[in-house]
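Here is a short report on one strand, its neighbours and one serine. Have the sequence and the model open as you read.

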Amino acid sequence: MSITKKIYLAAPLFSEAEQEFNKKLETALEEIGFSVFVPQEDSNDTEAAREDMDSSNIFQLNVEAIDACDIVVAVLDGGTDVDSGTAWEIGYAYAKNKTVIGIKTDFRTLGPEGLVNLMIGESANELETSVKALLKKMEKYS
């Protein structure tokens, strides 16, 4: 009997486009057998929830979810630099010896430095540039 591995989806979640992409990624990861924690849904990290919950509660829920996960999948889109919250989640996961898999579908680069900031790149175990490639790579982690 295999145990369902838990993914924490670290990603920007502030625009409708970001939320829709996160939902698409969540569904695709669940379809291949993973359990996925999505902060925009699972820690109620939305504008309405922020009115009802204090930010320290949202922070704590997300920290606990990273602690409990097997893998962090980090969406690195957003131009030439990574969302600051996502960058923090990657660093925390790295410090906790979690597997970090980045996905950057945005083709803009940092120039000579490469696809992502070297601190993000070196924190990730894998870096993919499409959902299709990410899902294929995830087979080895299931």
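L9 stands opposite V73 in strand β3. This is a predicted model. The pair belongs to a wider link: strand β1 (residues 6-10) and β3 run parallel, joined by 4 bridges. On to β4 (residues 99-103). This strand also runs parallel to β3, and 5 bridges join the two. Within that pairing, V75 has I103 as its bridge partner. Between β3 and β4 the chain passes through helix α5 (residues 84-95), and the β-α-β crossover is right-handed.

The pairings of β3 in brief:

| Partner strand | Bridges to β3 | Direction | Citation |
|---|---|---|---|
| β1 (residues 6-10) | 4 bridges | parallel | |
| β4 (residues 99-103) | 5 bridges | parallel | |

How enclosed is β3 (residues 71-75)? Of its 5 residues, 5 are buried, so the strand is largely enclosed by the rest of the structure. Side chains leave the strand in two directions. I71, V73 and V75 point one way, while V72 and A74 point the other way. Residues on both sides are buried.

Now the serine. S123 sits in helix α6 (residues 118-123). Is S123 buried or exposed? Its relative accessible area is 13%, and the cut-off for buried is under 20%, so S123 counts as buried. A polar atom of the S123 side chain lies 2.6 Å from the backbone oxygen of M119. Leaving aside neighbours within four places in sequence, S123 is in contact with I90, Y94 and V100.

Conventions:
Residues numbered from 1 in each chain as written. Predicted model: local features only at pLDDT ≥ 70, side-chain atom pairs only at ≥ 80, totals over all residues. Heavy atoms only, no water. Buried < 20%, exposed > 50% of the residue type's maximum accessible area, 1.4 Å probe, protein only. Polar contact = N/O pair within 3.5 Å; in protein donor to acceptor, adjacent residues only side chain to side chain. Contact = heavy atoms within 4.5 Å. Pairing = 2+ DSSP bridges. Right-handed = clockwise from strand over helix to strand, strands pointing away.
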